[in-house]
Amino acid sequence: MQEIDLEDLKRRMNNAIEILKKEFSGIRSGRASANMFENISVNAYGQVMKLRDLASVSIPEAKLVSIQVWDTNNISSVEKGIHESGLNLNPQTEGNIIRIVMPELTEERRVELAKTASKYSENCKISVRNVRQDGMNLLKRSHQDNLYTDDEQRDISEKIQRLTNEIIKEIDALSSNKEEEIKKV
């Protein structure tokens, strides 16, 4: 049986937080953000590609997004991908540049986005708890194989729980900040 690697558990829990941050960056909060366009899928060259592989996204003003499509043959595909993204954006094309003026969010849309953010953070917490459970199960098996004494098992178990509590607290803080950002008019 193997020893418990707390650093590995911590790394796995932090990976869940990184995924949460990426998901949060895709949630629109009334301000323009290049991250919103990270995961938009576009049908180009006979396959599904990410918008970031077909164009550069810049934010010249707080409420304006400028997307420069590298191949003019893909402009309509990029525009269609933006329409179908579910971000409720209205792209306007000028040559090989697509401009998007960020609309104000309605109160109803803000509540909907806050619920989405909450769902993302809950999924992240579930991932963290699953990592904790893996660690606890491994600890239990290691103890049964006499790799750890009762005191060592209790000590490691407390360390795993403390780590889990710290990570959950960080998730709550990220979630709270994102909800504030979404609700800010």
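This tour moves through one helix pair and a series of salt bridges in a predicted model.

**The H1 and H3 pair**

Begin by selecting residues 6-25, which form helix H1, together with residues 107-144, which form helix H3. The two helices pack with their axes 9 Å apart, at an angle of about 170°. Because an angle over 145 degrees counts as roughly antiparallel, H1 is roughly antiparallel to H3.

Next, display the side chains at the contact. On the H1 side, select Leu-9, Arg-12, Met-13, Ala-16, Ile-17, Leu-20, Glu-23 and Phe-24. On the H3 side, the contributing residues are Ala-117, Tyr-120, Ser-121, Cys-124, Ser-127, Val-128, Val-131, Arg-132, Asp-134 and Gly-135. Colouring this selection by residue class will show 11 nonpolar, 3 polar and 4 charged residues.

**A salt-bridge network**

Keep Arg-12 of H1 and Asp-134 of H3 in view, as both belong to the contact just described. Now add Asp-8 and Arg-11 to the selection: Asp-8, Arg-11, Arg-12 and Asp-134 are linked in a network of salt bridges. In total, the model contains 11 salt bridges.

**Lys-178 and Glu-181 in H4**

Move to helix H4, residues 150-183, and select Lys-178 and Glu-181. These two residues lie 3 residues apart, about one turn of the helix. A salt bridge joins Glu-181 to Lys-178, with 3.2 Å between the closest N and O atoms. Is each partner buried or partly exposed? Lys-178 has a relative accessibility of 8% and therefore counts as buried, whereas Glu-181, at 23%, counts as partly exposed. The cut-off that places Lys-178 among the buried residues is a relative accessible area under 20%.

**Glu-94 and Arg-99**

Select Glu-94 and Arg-99 next. Their side chains meet in a salt bridge with an N to O distance of 3.1 Å. Glu-94 is partly exposed at 44% relative accessibility, and Arg-99 is also partly exposed, with a relative accessible area of 28%.

**Lys-80 and Glu-84**

Finish with Lys-80 and Glu-84. The side chains of this pair form a salt bridge at 4.0 Å, N to O. Which accessibility class does each residue fall into? Lys-80 counts as partly exposed, at 48% relative accessibility, while Glu-84 is exposed, with a relative accessible area of 58%. The boundary that matters for Glu-84 is 50%, because a residue over that value counts as exposed.

Conventions. Residues are numbered from 1 along each chain as its sequence is written. This is a predicted model: local features need pLDDT of at least 70, side-chain atom pairs count only at pLDDT 80 or more; totals for chains, interfaces and linings use all residues. Side-chain values use heavy atoms; hydrogens and water are left out. Axes are lines fitted to C-alpha atoms, for helices over the stretch in contact, and angles run from 0 to 180 degrees between N-to-C directions. Helices (H or I, at least four residues) and strands (E, at least two) are DSSP runs, numbered from the N terminus. Angles under 35 degrees count as roughly parallel, over 145 as roughly antiparallel, 65 to 115 as roughly perpendicular and the rest as oblique. Contact means heavy atoms within 4.5 Å. Ala, Val, Leu, Ile, Met, Phe, Trp, Tyr, Cys and Pro count as nonpolar, Asp, Glu, Lys and Arg as charged, and the others, Gly among them, as polar. Buried means under 20% relative accessible area, exposed over 50%, partly exposed in between (1.4 Å probe, protein chains only).
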